[in-house]
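Please open the model in your viewer and keep the selection tool at hand. The stops below say what to pick next and what is found there.

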Amino acid sequence: MVDFRFYAPTEVVFGKESEEHLVEMVRKYGGRKLLLHYGGHSAERSGLLGSVREKLNEAGLPFVELGGVKPNPRLSLVHEGIELCRKENVDFILAVGGGSVIDSSKAIAYGMKYDGDVWDIYARKYVPTETLPVGCILTIPAAGSEMSDSSVITKEEGDLKIGYSNNLCRPKFAIMNPVRTFTLPPYQTACGATDIMMHTMERYFGKADDMTLIDNIAEALMRTVKDCVFHVLRNPEDYRNRANIMWASSLGHNDLTGDRGYSDFATHQLEHELSAMFDVAHGAGLAAIWPSWARYVHKENVARFVRFAVNVMDVPNDFTDPEATAMAGIEAIERFYHAIGMPTNIPELIGRELTEDEIKELARKCSHDDGRTIGGFKVLDKNDMTEIYKMANKQ
């Protein structure tokens, strides 16, 4: 087993009555005046926001509100949130929503403790040393931001989507009620399941392949999500399977299934440019990229792809032909993606093929103008990125 670090300080309150502990959690972690941060109208229509407001008002906890978070959360709203929090002397941020809302909240929290432009943090021009505390009520299991050290923000100018990871931004608490996910549309449910599995796959296909216990946990998580998503697509109010997916969201990205230092995350980096350029759902973008990434890199460690095929995708092991087994595993996950309504290539994702200029622009931005490489399973330079985009551009 390789050396690693594991740090998961977020307090989780899980279950049907979890929201009853909101005031207790806010007070426990020092909240005296809150920013209530959320997305569109779904939290309002569901009654969740009304319930949160009522609980805070009854407890005498003052708050201000900022809604409007979109998928691929925007820097402009982060700037608005920072300005509002400074004006109102906010000392705690409560995110009500999914990963986009939580990521936006984390960015606001960073910005509150930095005199410059918060984008400096994401652009790696400044390393934060403190942040406002963030708590969350999770409504969309997918990104795992409720327990992770990560935040991804899109800067509208230049269509730049960049993630930043720092343990400072891990939420103080996460309230998770699976009932709140009953109304998620099928496409959003499928995107979430894809993202959850991919967070684990990015670690599973990393630089270390001798983590026996961690690999077994990762495989169990992926199999569980793969099975549960079909149940909830058939019956959206299946509490047991919704609960398993919701908890998997957290475990898939709180580093339990692998240390980020040994992981890959190339598919995430490649997808970030797609969703920045075309504003597509992150989970769907991951599904459109991963099979091409897998075919491009699999020979770096065919045995790892064989193990994935057999232990996760239920492919029979052809002991005489490991390459065939590895390819069968990739084909199996493509069938799985199609079965839950996900794309397996870029034309399926955006409705057309990319132009040559678009491919060049995606690779340019992903490589930071040929200034960085990505990936751990196989290190990818700009030329590799271009080839993977080209592969994914074919149906």
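**A tour in three stops**

Begin by selecting Leu213, which lies in helix α8, a helix that covers residues 212–234. Keep in mind throughout that this is a predicted model. With a relative accessibility of 53%, Leu213 counts as exposed, because the term applies to residues over 50%. Now add Met1, Phe4 and Phe6 to the selection: together with Leu213 they make a nonpolar surface patch of about 450 Å².

For the second stop, move to Glu19, to be found in the loop between β1 (11–14) and α1 (22–28). Is Glu19 buried or exposed? Its relative accessible area is 9%, so Glu19 is buried, given that the limit for this class is under 20%. Display the side chains of Glu19 and Asn177, and you can trace a polar contact of 3.3 Å that joins them. To see the wider surroundings, select the residues that Glu19 is in contact with once its neighbours within four places in sequence are left aside: Leu48, Lys55, Ile137, Ile175, Asn177 and Arg180.

The third stop concerns aromatic rings, of which a search of the whole structure finds 23 pairs. Select Phe205 and Trp290, whose rings form a tilted pair, with 5.8 Å from centre to centre and 50 degrees between the planes. Which parts of the chain does this pair link? Phe205 sits in the loop between α7 (186–204) and α8, whereas Trp290 belongs to helix α11 (residues 282–297), so that distant parts of the chain, 85 residues apart, are linked. Both Phe205 and Trp290 are buried.

Continue with Trp293 and Phe305, where the ring centres are 6.2 Å apart and the planes stand at 40 degrees, so this pair is tilted. Here Trp293 is in helix α11 and Phe305 in helix α12 (residues 302–311), and the pair, 12 residues apart, again links distant parts of the chain. Trp293 has a relative accessibility of 0% and therefore counts as buried, and Phe305, at 1%, counts as buried as well.

To finish, widen the selection to Tyr204, Phe205, Trp290, Trp293, Phe305, Phe308 and Phe377, which form one aromatic cluster. With these residues shown together, you can locate within the cluster the rings of Phe205 and Trp290 and those of Trp293 and Phe305.

Methods:
Residues are numbered from 1 along each chain as its sequence is written. This is a predicted model: local features need pLDDT of at least 70, side-chain atom pairs count only at pLDDT 80 or more; totals for chains, interfaces and linings use all residues. Side-chain values use heavy atoms; hydrogens and water are left out. Patches are made of residues with over 30% relative accessible area and no salt bridge: like charges are joined within 9 Å, nonpolar side chains (Val, Leu, Ile, Met, Phe, Trp, Tyr) within 5 Å. Accessible areas come from the Shrake-Rupley method with a 1.4 Å probe; for residues, only the protein chains shown count as cover. A salt bridge is a side-chain nitrogen of Lys or Arg within 4 Å of a carboxyl oxygen of Asp or Glu. Helices (H or I, at least four residues) and strands (E, at least two) are DSSP runs, numbered from the N terminus. Buried means under 20% relative accessible area, exposed over 50%, partly exposed in between (1.4 Å probe, protein chains only). A polar contact is a pair of N or O atoms within 3.5 Å; within protein, one must be able to donate a hydrogen and the other to accept it, and residues adjacent in sequence count only if both atoms are side-chain atoms. Contact means heavy atoms within 4.5 Å. Rings of Phe, Tyr and Trp (its six-membered ring) pair if their centres lie within 6.5 Å; planes under 30 degrees apart count as stacked, over 60 as edge-to-face and the rest as tilted.
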